[in-house]
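Biologist: Please take a close look at the empty space inside this protein, and go slowly, as I am new to such models. Which residues line the largest cavity?

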Amino acid sequence: MVPHSLFAASNVTLEGKSKQSTSLGSLALIGSQKPFWPPRRRCYSLYSNDMLNRGYAYTTIIGTKDDGQTLLSHLATLYPHSTPQAWQQKLSNGEITLNGVTATGSESVTLGQNLVWNRPPWIEPDSPQHFEVMFEDPHLLAVNKPSGLPTLPAGGFMENTLLRLVQKQTPNANPVHRLGRGTSGIVLFAKTPQAASNLSANWNTSKIQKIYRALAQNIAQHDAYEILTPIGLVPHPRVGSVWAANPSGKPSKSLAKVISRTTNTTTFEVSLNSGRPHQIRIHLASIGHPLVGDPLYGLTGQPLEYLPGLPGDGGYFLHAQFLKFHNPITGEQINLEAPLPSGFSLHL
C-alpha cells in the first residue's frame with residue numbers, strides 16, 4: 001500500500017532524472033506545442049448520445065455442453081435477460097443466424113456452429129458524456145472517469161462508453177484495465193503496442209500500485225485487513241451468473257486500511273494485489289462491509305438474497321483515487337491522483 005506522503009500535493013507528479021523530458025511538453029493543450037507546468041487538466045464533454053447506435057452482432061460458437069439443444073432453448077439460456085417468447089420474436093424478425101443461415105429457433109444446435117444475434121440499432125441508456133484528461137504523452141493517456149459511464153462496450157452500452165468517447169479524441173488509445181460502470185476514478189490507456197504490452201504484463205504486480213477509496217457499511221473492528229476471499233462465478237436470478245465470493249474461485253488479495261469511521265459506516269483505502277472482477281466490492285462485503293448503496297452484494301460477498309441488482313448497476317461509492325507506476329517507455333515515475341467526486345465526499 002502506498003502512503004499518502006508518497007503523492008505530491010499536485011494531482012500529477014513526474015519524478016526521475018529527466019524532469020524536462022517530452023512527457024512535460026505532451027501535457028500541453030491539443031494544438032499547442034508549448035510545455036507548461038504545473039500540468040493543466042483537460043475536460044471533454046460530448047453530446048448526449050440519445051440517438052440510435054449502429055446495432056451489434058453478438059457472436060458465439062456452440063460448445064460441447066450445448067450440443068443437441070434447440071436453438072430457442074439455447075438462446076434463452078445464453079441470454080437470460082430475454083424470455084423465450086422474446087427470443088422467438090427476434091427469430092421471427094430474422095435477427096438470428098446459424099452458420100450464416102437465418103434461423104427459426106426449432107433447429108438443434110451442433111458443436112462448432114457459429115451463432116450470431118444481429119441486434120438492430122437501439123437507443124442506449126443515458127450515461128455521463130464527459131471525462132477529464134489527467135496525463136498524456138506519446139505512449140500513455142490517463143483519464144478521470146465519472147461514475148455511471150461504462151469503460152467498455154457491454155450490457156446494452158456500445159457508444160455511450162469511455163472507450164468510444166476517448167477514441168473520438170485519441171483513436172489509438174485502448175484501456176489497460178477497466179473500472180465498473182458505477183466506479184469513478186483513474187483509467188489508464190495505452191497509445192502504443194509497446195506500452196500496452198508492458199503495462200498489461202505488470203498490472204497485477206507490485207510495479208503498479210492502485211489505491212481506491214471505498215465507503216462501506218458498518219463499523220470496522222480492526223484498522224487493517226488482508227482479504228484473501230476467492231472470487232468465482234455464482235448463480236444470479238436475472239443474468240445467469242455473476243462474480244462473487246466463491247470457495248472454489250480464483251485466488252484474490254486486497255489490503256484494506258481504515259481511513260475513518262462514522263456511527264454506521266467505514267471509509268477504507270484499498271490496494272489491490274490481484275485484478276478480479278468487482279474485487280473490492282466482493283472483498284469488503286465478504287468481511288461484513290458491503291459498499292454503501294451496493295445493489296448487488298450482501299454481507300457475505302454473495303448476491304443479495306432478495307432481488308439482487310445487476311453487476312453494472314450503480315449507487316455505491318468506490319473511487320480509483322491513486323495510481324503509481326513507472327512510464328514503460330521513459331522510465332519516469334508517474335503519480336496520479338483523482339480527487340474524490342462531490343457525491344462521495346458528501347457521505348463521508
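Modeller: On a 1 Å grid over the protein atoms alone, a cavity is a set of points where a 1.4 Å probe fits but cannot get out, and a residue counts as lining if it has an atom within 4 Å of a point. The model is predicted, so local features need pLDDT of at least 70 and side-chain atom pairs count only at pLDDT 80 or more, while totals for chains, interfaces and linings use all residues. Residues are numbered from 1 along each chain as its sequence is written, and side-chain values use heavy atoms, with hydrogens and water left out.

When the whole structure is searched, 1 cavity of 30 Å³ or more is found. The largest cavity holds about 40 Å³ of space, a volume being the space filled by probe spheres set on grid points that are joined across faces, edges and corners. Its lining is made by H177, I186, K210, Y212, A320, F322 and L323. Two elements, β11 (209-217) and β17 (318-326), give two or more residues each to that lining, strands being DSSP runs of E with at least two residues and helices runs of H or I with at least four, numbered from the N terminus. Of these, β17 provides the largest share, with 3 residues. By class, the lining of this cavity has 5 nonpolar residues, 1 polar and 1 charged; here Ala, Val, Leu, Ile, Met, Phe, Trp, Tyr, Cys and Pro count as nonpolar, Asp, Glu, Lys and Arg as charged, and the others, Gly among them, as polar.

To complete the picture, we can turn to the largest pocket, a pocket being an open set of points with protein on both sides within 12 Å along at least five of seven lines. About 1,700 Å³ of space lies in the largest pocket. There are 50 residues in its lining, and those closest to its centre are A154, R178, H278, P311 and G312. At least two lining residues come from each of β3 (56-61), β6 (114-119), β11, β14 (240-245) and α6 (279-286). The strand β11 therefore deserves a second look on the screen, since β11 gives two or more residues to the lining of the largest cavity and at least two to that of the largest pocket, by the DSSP runs defined above. Sorted by class, the lining of the largest pocket comprises 25 nonpolar, 16 polar and 9 charged residues.
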